[in-house]
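Okay, thanks for making time this morning. Have a look at the model on the screen, and I'll talk you through it.

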There are 2 protein chains.
Amino acid sequence: MSAKDIHVFPLDTERPLRIGEVAELVGTTTRTIRYYEEIGLLPGSAERELGKHRCYTEADVARVREIVRLRDLLGLSLEQLSRLLEAESARADLRREWKVAESGAQRRRILDEALEHVGTQLELVRDRRVELEQLEAELEAKRSSLHERLAELDA
Amino acid sequence: MSAKDIHVFPLDTERPLRIGEVAELVGTTTRTIRYYEEIGLLPGSAERELGKHRCYTEADVARVREIVRLRDLLGLSLEQLSRLLEAESARADLRREWKVAESGAQRRRILDEALEHVGTQLELVRDRRVELEQLEAELEAKRSSLHERLAELDA
DNA sequence: CGCTATCCTTACGTTTACGTAAGGTTGCAG
DNA sequence: CTGCAACCTTACGTAAACGTAAGGATAGCG
């Protein structure tokens, strides 16, 4: 059901994707994607009329991937994730602003905000990594102790 | 409600703890502890008659701490956690076996099983840490890129 | 233009991990 | 022995994060 998917599409085309494709690419379900849209985690293409098919870009896929990744790696609720990524949505808006931002001061402000946002995320990720490293070290100590005791048995 | 808790207890006594104390020590609730017992995550002191108060040792507190920690750090369901710690419960049993295990071969087997169990845990923790490190690196790259672009603005 | 796979909305169902309330019991201080 | 705080069991409630089913619309191929 995926081997005959080879149509006559040039592979580098920015062909619009449907929700099922996105789901499969990311490794999740269509329900999940719709749910994320429902709660505002995903933007939910504004100009879509009720009843029409959702369509996605590669960038959207990346977005979903990021969400799923953060969801799995950090233990955040989707609401916390929303708040964390809210800033990122704002940043996406700013990207569009970027092209028309003439003054250096404007651009600086945009970059500064992006930096702050990345910083927030980094802090979260880093803290959790440290905790995991601690746990890892403890487990390694435990293991060493066991090895030692095994060696003592051989003496 | 905790400042007048200073009774006439020698501080190093292995005084049996009640569920409320354990909960506060660990930073959780009594309900959670009872729930964990209910689903078999906590052993639930076998020789307790129905209706009598649960009582815990410092070792039990450590156990609950470990569970909560693993729950928060790895994103496992309590059932997965159960399976992961099942081996550890078995190990606790083996500790008691240890004293009467006369032969070196027996002791070796016990240590080997403990080692395997720690290994399993280590693998999980390590994998997750690696994933977090990857994410961290990506975020740092992003941040660097932003810094660069800021510097370019100053040029 | 028709077919049909995939999508749409709506809405109720489900699992996990507890919260909370009720009504009774235990255990320790006084 | 008595009082009362903390505990007990039982059982229903709940929030999050989707699953699933029904009934109908869309879109791309032929």
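Let's start with one residue: His53(A) sits in the loop between α2 and α3 (58-73) of chain A. Helices here are DSSP runs of H or I with at least four residues, strands are E runs of at least two, and both are numbered from the N terminus. Is His53(A) buried or exposed? It counts as exposed, because it has 9 C-beta neighbours inside 10 Å. The cut-offs, with C-beta atoms placed from the backbone: buried is 20 or more other C-beta atoms within 10 Å of a residue's own, exposed is 12 or fewer, and partly exposed is in between. Ile19(A) is 34 residues away from His53(A) along the chain, yet their C-alpha atoms are separated by 8.2 Å.

Quick housekeeping. This is a predicted model, where local features need pLDDT of at least 70 and side-chain atom pairs count only at pLDDT 80 or more, while totals for chains, interfaces and linings use all residues. Residues are numbered from 1 along each chain as its sequence is written, and chains are lettered from A and ligands numbered from 1 in the order in which they are written.

So, chain A overall. It has five helices and zero strands, and 15% of its 155 residues are buried. How confident is the predictor? On pLDDT, which is its confidence in each residue from 0 to 100, chain A averages 87, with 89% of the residues at 70 or above. Among the elements of chain A, α1(A) has the highest mean, 98, and helix α4 (residues 78-100) the lowest, 80. Residues 1-9 of chain A are below 50, and beyond near neighbours in sequence that stretch has one contact in the model. Where pLDDT is low, the predicted coordinates should not be read in detail.

Now the two protein chains together. Chain B superposes on chain A by a rotation of 180 degrees with 0.0 Å of shift along the axis, RMSD 0.2 Å; the fit is least squares on C-alpha atoms of residues with pLDDT of at least 70 in both copies. That's the relation of a two-fold axis. The same surface serves both copies, as 100% of the contact residues of chain B recur in chain A. In contact means C-beta atoms, placed from the backbone, within 7 Å.

Which part of chain B gives the most to the side that touches chain A? We have 30 residues of chain B in contact with 30 of chain A. On the chain B side, α3 (58-73) and α5 (104-154) each supply at least two residues, and α5(B) gives the most, with 26. By class, that side has 13 nonpolar, three polar and 14 charged residues. Nonpolar is Ala, Val, Leu, Ile, Met, Phe, Trp, Tyr, Cys and Pro; charged is Asp, Glu, Lys and Arg; the others, Gly among them, are polar.

Last up, the DNA. Near a strand means that the residue's C-beta atom, placed from the backbone, lies within 6 Å of it. Strand C is surrounded by 19 residues, and the closest are Gly20(A), Arg54(A), Arg31(B), Ser77(B) and Leu78(B). The elements giving two or more residues there are α1 (19-26) of chain A, plus α2 (30-38) and α4 (78-100) of chain B. For strand D, 19 residues surround it, and among the closest are Arg31(A), Leu78(A) and Arg54(B). Here α2 (30-38) and α4 of chain A and α1 (19-26) of chain B each supply at least two.

Note on methods:
Two residues are in contact if their C-beta atoms, placed from the backbone, lie within 7 Å. pLDDT is the predictor's confidence in each residue, from 0 to 100.
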